[in-house]
Amino acid sequence: MFRFGNNWDNILGGESEKDYYKQLRLFLKQEYNSPNFDVYPDMNDIFNAFKLTDYNDVKAVILGQDPYHGKGQAHGLCFSVKDGVKPPPSLVNIYKELQDDLGFTPPKSGNLTKWAKNGVLLLNAVLTVREGQAGSHAGKGWEKFTDRAIECLNERDEPICFLLWGGYAKSKASLITNPRHHVLPAVHPSPLSAYNGFFGCRHFSLCNKLLGYEIDWNLNT
């Protein structure tokens with residue numbers, strides 16, 4: 001069973017009793033115990049997005065698809081990698097847009113934990129993956145779990161900015177029906193698409209403007 005140590009426990013706790021989640025747990029037990037491949041992130045890091053950003057503290061949501069599938073990269077936050085790991089191309093482009101938008105020098109580290117602690121929920125739709133096999137844990141139940149998290153955030157009265165980058169993330173816009181919230185769509189920051197609308201989207205400053213206060217997006221402080 002999952003434990004976040006904050007308000008998400010009460011909000012999502014009932015999911016653990018549902019059939020889809022019980023089946024997901026059995027699947028994950030088999031996957032993590034397999035001698036034939038590795039699964040990422042480490043089991044202790046699967047729920048870091050929820051552990052680091054309490055439900056009541058969420059100011060913005062950045063939605064990814066599934067974790068990085070390279071060794072040592074994923075640690076439970078979308079687009080983020082552990083300290084000492086080279087930032088992947090999509091994250092490099094996120095840093096470029098951050099610099100162009102707010103003037104912040106790109107950090108050397110690809111670790112986005114500071115954003116998570118500042119109220120940015122860095123949520124992948126699927127929370128686990130086999131090494132070298134993108135999308136390998138899709139359709140196993142994680143989407144139901146994370147969709148429920150988005151639905152619960154949609155119920156909040158305090159405004160939230162949802163930054164939906166890429167077609168998959170934008171497909172979740174239908175879950176966000178509360179007019180108090182703000183949906184900011186753009187193409188994915190991947191090198192394949194970033195020049196078609198991610199660069200220049202200015203989502204970081206726009207998010208601050210829409211919320212009426214500053215999220216600290218500077219990772220160098």
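Here's a quick rundown of the cysteines, aromatic pairs and charge-over-ring contacts in this structure. Keep in mind that the model is predicted. The headline counts are 0 disulfides and 23 aromatic pairs.

**Cysteines**
- Cys 152 has its closest cysteine sulfur in Cys 78, 18 Å away, so that's too far for a bond.
- Cys 201 isn't bonded either, because the closest cysteine sulfur, in Cys 207, sits 11 Å off, and a disulfide needs the sulfurs within 2.5 Å.
- Both sites are tucked away: Cys 152 counts as buried at 3% relative accessibility, and Cys 201 counts as buried at 16%.

**Aromatic pairs**
- Among the 23 aromatic pairs is the edge-to-face one formed by Trp 165 and Phe 198, at 5.0 Å centre to centre with 80° between the planes.
- That pair ties together parts 33 residues apart in sequence, since Trp 165 lies in strand E5 (residues 161-165) and Phe 198 in the loop between strand E6 (182-186) and helix H8 (203-211).
- Trp 165 is buried at 2% relative accessibility, and Phe 198 is buried at 0%.
- Phe 204 and Trp 217 are also edge-to-face, because their ring centres are 4.9 Å apart and their planes meet at 70°.
- Here Phe 204 comes from helix H8 and Trp 217 from the segment after H8, so the pair links parts 13 residues apart in sequence.
- Phe 204 and Trp 217 are both buried.

**Aromatic cluster**
- One aromatic cluster takes in Phe 2, Phe 4, Trp 8, Tyr 20, Tyr 21, Phe 47, Phe 50, Tyr 55, Trp 142 and Phe 145.

**Charges over rings**
- Lys 96 sits over the face of Phe 199, 4.7 Å from the ring centre.
- Arg 130 does likewise over Phe 37, at 3.8 Å from the ring centre.

Note on methods
Residues numbered from 1 in each chain as written. Predicted model: local features only at pLDDT ≥ 70, side-chain atom pairs only at ≥ 80, totals over all residues. Heavy atoms only, no water. Buried < 20%, exposed > 50% of the residue type's maximum accessible area, 1.4 Å probe, protein only. Phe/Tyr/Trp six-rings, centres within 6.5 Å; stacked < 30°, edge-to-face > 60°. Helix = DSSP H or I, 4+ residues; strand = E, 2+ residues; numbered from the N terminus. Lys NZ or Arg CZ within 6 Å of the ring centre and 35° of its normal.
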